[in-house]
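Here are some worked exercises to go through with the structure open in your viewer. Try each task yourself before reading its solution.

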Amino acid sequence: MFLISFVLIALLVNESNEAKYLTAKLLYPANNIFAFEFGVGQPKMVIEGRIEQTMNISVISPYTYSVKTSRTATFIQNETVKITHNPTNLSLYLDDISIEDKSSKIMFYLFPPKNSYDIKKNRIGFSLKVNEESVSFIHQLKKNGKISKLQYSFNPTTNSEEGLFYIGGIPNDVINKNKYKAELKVNTNYSYWSVNLTKIHFDNITFDNTQIAYFDSGNDYIYLPEEYYNTLDITYFERFQNDCSKVSFFEVLFMFVCNVEILAELPPFNFEFNDYEISIEAYRLFTYLDGNYVLDMRKNSGNNNIILGGKFLKHFISTFDYENKKVTLYSDINPIIYKGKDPRLNYMPIIYLI
């Protein structure tokens, strides 16, 4: 009798501790675009949503989803909502959202049929701060009991065309196979996933950053201040000027272009985030274009903020954690040096409970 009771208790504990997370294909990471597919309504329409880390709402286009054909769509109300800097008239709906054949009632905004703002793209908001949790995609999944944790992860490294997108947790075997990790605290003063990027080292030259830095899968490239480009021009590529050059367009877009033969000789880029320094070999940060290779970094013409977009994120498995206010990067290729008090935190594997 005692043995049976013990087994029943063990089973109940395991069941209660069982992680709930959803897995979807991460689409187009090779093209620096992070998106995923999910079903909407009944009968189910499978649509594609771009993952926006600086948007706090989810907006679906009538070009891909029609409330008229969904038997389960419920109209809530019309609202004027600010998307980026533009107030836009949107309609709030409740309908079935399914990922991995697991369905949940989710509220989202729908563009009117006639709208000048990006009407053909579905954008799913995953910013750090949200105005209303009741219309946040991930917060609704957590409230409805579909996921265990308020976190999501990108795994863009499975192959060249697709990766995996986890909502609510990440399998232990995915992260335990990596040699390195960095745990980056998030600056909660901002609505997006901002971290303290203090320095960028290249060719024995250090660029000291005083600007805001944040992750944004909705941006393709790594955007950096103009001062950084000036420093690159006179230092990093000075001794490679026969094989590399800077191209500018209307003094707005700057690109460094190099011959393929020189890529292996270029020194690595090292990004320093408080207690961690992450090293990426230079050739990994170049993309083939018209016979040459172009550095995956662009000048931020709008301001001097640093944006770590798809070109940065595709080199790591990354987890964005709402509850612990941190971003964790995992890598088996790019060395991560821990410079804080506990050197053991630099290495994997470590046992994680989802």
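**Exercise 1. Which residue lies over the face of Tyr221, and at what distance from the ring centre?**

Keep in mind that you're working on a predicted model.
- Step 1: Put the ring centre of Tyr221 in view and look over its face; the residue there is Arg298.
- Step 2: Read off the distance, which comes to 4.1 Å from the ring centre.
- Step 3: Check it against the cut-off: the CZ of an Arg has to be within 6 Å of the ring centre and within 35 degrees of the ring normal. Arg298 therefore counts as a charge over the ring of Tyr221.

**Exercise 2. Classify the ring pair Phe154 and Phe165, then place it in the chain.**

- Step 1: A pair of aromatic rings is described by the distance of the centres and the angle of the planes. For Phe154 and Phe165, those values are 5.6 Å and 25 degrees.
- Step 2: Planes under 30 degrees apart count as stacked, so Phe154 and Phe165 make a stacked pair.
- Step 3: Find the hosts. Phe154 sits in strand S9 (residues 151-155) and Phe165 in strand S10 (residues 162-167), with the two 11 residues apart.
- Step 4: Look at accessibility: Phe154 and Phe165 are both buried.
- Step 5: For the wider picture, the count of aromatic pairs comes to 34.

**Exercise 3. Work out the strand order of the open five-stranded sheet, and say which helix lies across S13 and S14.**

- Step 1: Trace the pairing from one side to the other. You get S14-S13-S19-S20-S27, with antiparallel pairing.
- Step 2: Find the edges. Strand S14 (205-208) and strand S27 (336-338) each pair on one side only.
- Step 3: Going from one strand to the next, the twist averages 20 degrees.
- Step 4: Zoom in on S13 (residues 197-202), which is joined to S14 by four bridges. One of the partnerships to look for is Phe202 with Ile205 in S14.
- Step 5: In the loop between S13 and S14 you'll meet Asp203. Its phi is positive, about 50 degrees, although Asp203 is not a glycine. Asp203 is also buried, with a relative accessible area of 15%.
- Step 6: Now add the helix. H4 (residues 226-236) lies across S13, S14 and strand S19 (269-273), and runs at about 20 degrees to S13.

**Exercise 4. Which residues have the most contacts inside the largest nonpolar core, and which element gives the most to it?**

- Step 1: The core has 79 residues, and the ones with the most contacts inside it are Phe126 and Phe269.
- Step 2: H4 is the element that gives the most, with four residues.
- Step 3: Expand around Phe269, skipping its neighbours within four places in sequence. Its contacts include Phe202, Tyr228, Leu232, Tyr236, Ile280, Leu295 and Met297.
- Step 4: Apart from this core there's another one, of 11 residues, with Ile57, Val81, Ile83 and Leu92 among them.

**Exercise 5. Is S26 largely enclosed or open, and which strands pair with it?**

- Step 1: Five of the six residues of S26 are buried, so the rest of the structure largely encloses this strand.
- Step 2: Take one partner. Strand S11 (residues 180-185) runs antiparallel to S26, joined by six bridges, and Lys181 has Tyr330 as its bridge partner in S26.
- Step 3: Take the other. S25 pairs with S26 in the antiparallel sense over five bridges, and Ser318 stands opposite Leu329 in S26.
- Step 4: Look at the turn. S25 and S26 form a hairpin with four residues between them, and Lys325 in the turn has a positive phi of about 55 degrees. Lys325 is partly exposed, with a relative accessible area of 37%.

**Exercise 6. How many residues lie between the strands of the S21 and S22 hairpin, and where is the cis peptide bond at Pro43?**

- Step 1: Strand S21 (residues 286-289) and strand S22 (residues 292-295) run antiparallel, joined by four bridges. Thr287 has Val294 as its bridge partner in S22.
- Step 2: Two residues separate the strands, and Asp290 in the turn has a positive phi of about 50 degrees.
- Step 3: Switch to omega. From Gln42 to Pro43 it is near 0 degrees, a cis peptide bond, and Pro43 is in the loop between strand S2 (35-40) and strand S3 (45-52).

Methods
Residues are numbered from 1 along each chain as its sequence is written. This is a predicted model: local features need pLDDT of at least 70, side-chain atom pairs count only at pLDDT 80 or more; totals for chains, interfaces and linings use all residues. Side-chain values use heavy atoms; hydrogens and water are left out. Two strands pair if DSSP finds at least two bridges between them. Axes are lines fitted to C-alpha atoms, for helices over the stretch in contact, and angles run from 0 to 180 degrees between N-to-C directions. Contact means heavy atoms within 4.5 Å. A nonpolar core is a set of buried Ala, Val, Leu, Ile, Met, Phe, Trp, Tyr and Cys residues joined through side-chain atoms within 4.5 Å. Buried means under 20% relative accessible area, exposed over 50%, partly exposed in between (1.4 Å probe, protein chains only). Rings of Phe, Tyr and Trp (its six-membered ring) pair if their centres lie within 6.5 Å; planes under 30 degrees apart count as stacked, over 60 as edge-to-face and the rest as tilted.
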